[in-house]
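Please look over the sequence and the structure shown below. The briefing that follows takes up the accessibility of chosen residues, charged pairs, helix packing and the surface, topic by topic.

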Amino acid sequence: MIRETIEGCLERKDMGTLKALLAGAEDMELLEAFVALSSERQAVVFRLLLKDAALRLFEQLDTDLQRALLQSFTDERVREFVNEMPPDDRVKLLDELPAVVAKKLLESLSPEERKVTAILMGYEAETAGRIMTTEYISLEREMTAARALEKIRRQARDKETIYTLFVTDGENRLEGVLSLQRLILADSDAQVADVMAKSPVRVSTDDDQEKVARTLQDLNLLAIPVVDREERLVGIVTIDDAVDILEDEATEDIFNQAGLADVDRSEADRSAILITGSLWKIWKVRLPFLFITLAAGLLAGAVVGGFEEALKSVAAVAIFIPLIMDMGGNVGTQSAIVFVRGMVLGHVSHRRFFRHLLKEIGIGFSMGLVIGLISGTIAAIWQGLPMLGVAVGVALTISMTMTAMFGFLIPFILIKLKGDEAAGSGPMITSINDIAGLFIYFVCVTIFMRGSM
């Protein structure tokens, strides 16, 4: 509704009504409406937002949209926005900008913000140190609850989160953690040391960002402290960053699962390369996996050629070849995506992999049984050949069970071999299914239709 109203105001050039509408809009509905607008209208709407609302909206946008918006700003507005962004979001944006532009923006920051940004950018990419924020509230163990709440009131406006509070000693070593709720409920003269949780879960600056995100998700934390080698608190990673990381990882894996190779993210967004990139760049992304499929197709053709006599004897056999190939391929792709997503979200563990594998094989068999029974019945009635129906049904059951197994097994093996399980699973599963599925089908035809050939 709000998007339609915004569009209507822009069509009528009724900027007064539009400005009043934007001032009263909730952050989430404004975000949903904003991303659906054209780039030209986004620039107009953004200029009409109040400063605080504009900054909140800007922080919620993905880096591609942030980059596009910055191009429509004056230099002064760019500096203002980048200077007021949380340090972790600022680093993420600078990583996506050309080096010359990033350097210029870094130099335009205030000395304090430039120092914080430089510290974060000094950590390795995709580590906890690179994605953490330094905008947290730390308390001393000797503080009373009343003094701690007073400190929170003074600093809350400038911090990214106040719901999780961290307790440090005189050398900034992490000693404990407590929630804002627990502090509020404590007696005003109670010491922080008496209400904090000791030995809190923590991560190191060089821990992988995906591992950190999974820890936050598994433990249902709002924020997790990041410490250096001396156990000094240097930042925190918040749940909103964890959600973004897991979403990005899952999206990347599914993108690769579709048969699109990884490309250098610093050059441009992968999707932009596929749409607007040069022919050579597009070839580099898409052709490698097509070569794998080509080789599999030729081998599948060789299998069909080996059973040429069966095809000559009963021409109806050929009708169900696409069905055998497609159903097995679909099940294998489903299983692979379930595995990759489960790994990303922490639902599939290496220690219990074979339990997961056996369950997936059982699921593949049950689905194969249902599809095989339906397809076999249709084939027998359609062609008037009962044994052809049996061959189709048995072949589908076996091939769908097999590809469900490989859908879990192949990405797992690639992980163990340090390969790219997302990019390599799809082509390998498809190739195995095409060759083995056809072989199984023709063997079933040979066995069950021996008297008709």
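Arg214 is found in helix α15, which spans residues 209-219, where helices (H or I, at least four residues) and strands (E, at least two) are DSSP runs numbered from the N terminus. This is a predicted model, in which local features need pLDDT of at least 70 and side-chain atom pairs count only at pLDDT 80 or more, while totals for chains, interfaces and linings use all residues. Residues are numbered from 1 along each chain as its sequence is written, and side-chain values use heavy atoms, with hydrogens and water left out.

**Arg214 and helix α15**

- With a relative accessibility of 22%, Arg214 counts as partly exposed, a class that lies between buried (under 20% relative accessible area) and exposed (over 50%), as computed with a 1.4 Å probe and protein chains only.
- Arg214 forms a salt bridge with Glu210, the closest N and O atoms being 2.8 Å apart; the term stands for a side-chain nitrogen of Lys or Arg within 4 Å of a carboxyl oxygen of Asp or Glu.
- Because Glu210 and Arg214 are four residues apart in helix α15, they are separated by about one helical turn.
- Glu210 is buried, at a relative accessible area of 15%, whereas its partner Arg214 is partly exposed.
- Arg214 and Val243 are 29 residues apart along the chain, and their C-alpha atoms are separated by 9.1 Å.

**Loops around strands β4 to β7**

- Asn220 has its place in the loop between α15 and β6 (223-227), and its phi is near 55°, a positive value in a residue other than glycine.
- Asn220 counts as exposed, because its relative accessibility is 69%.
- Glu231 is found in the loop between β6 and β7 (233-238), and here too phi is positive in a residue other than glycine, with a value near 65°.
- Glu231 is partly exposed, since its relative accessible area is 32%.
- Glu230 and Arg232 form a salt bridge in which the closest N and O atoms are 3.2 Å apart; Glu230 is partly exposed at 40% relative accessibility, and Arg232 is partly exposed with a relative accessible area of 34%.
- Arg202 lies in the loop between β4 (197-198) and β5 (203-204) and is partly exposed, with a relative accessible area of 27%.
- The C-alpha atoms of Arg202 and Ile236 are separated by 9.2 Å, although the two residues are 34 residues apart along the chain.

**Other salt bridges**

- Side chains of opposite charge can pair when their charged atoms come close.
- By the distance rule for such pairs, the count comes to 13 salt bridges.
- Among them, Asp27 and Arg56 meet through their side chains at 2.9 Å, N to O.
- Asp27 lies in helix α3 (residues 27-35) and Arg56 in helix α5 (residues 51-60), so this pair ties together parts that are 29 residues apart in sequence.
- Asp27 is partly exposed, with a relative accessible area of 40%, and Arg56 also counts as partly exposed, at 40% relative accessibility.
- A network of salt bridges links Arg3, Glu7, Glu11 and Arg41.

**Packing of helices α8 and α10**

- Two packed helices are described by the angle between their axes and the distance between the axes.
- Helix α8 (residues 87-96) and helix α10 (residues 111-121) have axes that come within 10 Å and cross at roughly 65°, the axes being lines fitted to C-alpha atoms over the stretch in contact and the angles running from 0 to 180 degrees between N-to-C directions.
- That angle makes α8 roughly perpendicular to α10, a label used for 65 to 115 degrees, whereas angles under 35 degrees count as roughly parallel, over 145 as roughly antiparallel and the rest as oblique.
- The crossing of α8 and α10 is right-handed, meaning that the near helix is turned clockwise from the far one by less than a right angle, and anticlockwise would be left-handed.

**Nonpolar surface and helix α22**

- Ile319, Val370, Ile374, Ile378 and Trp382 form a nonpolar patch on the surface, with about 500 Å² of accessible area together.
- Patches are made of residues with over 30% relative accessible area and no salt bridge, with like charges joined within 9 Å and nonpolar side chains (Val, Leu, Ile, Met, Phe, Trp, Tyr) within 5 Å; accessible areas come from the Shrake-Rupley method with a 1.4 Å probe, and for residues only the protein chains shown count as cover.
- Ile374 is found in helix α21 (residues 353-383) and is partly exposed, with a relative accessible area of 47%.
- Ile398, in helix α22 (residues 386-416), counts as partly exposed at 39% relative accessibility.
- The C-alpha atoms of Ile398 and Ile440 are separated by 7.7 Å, with their positions 42 residues apart along the chain.
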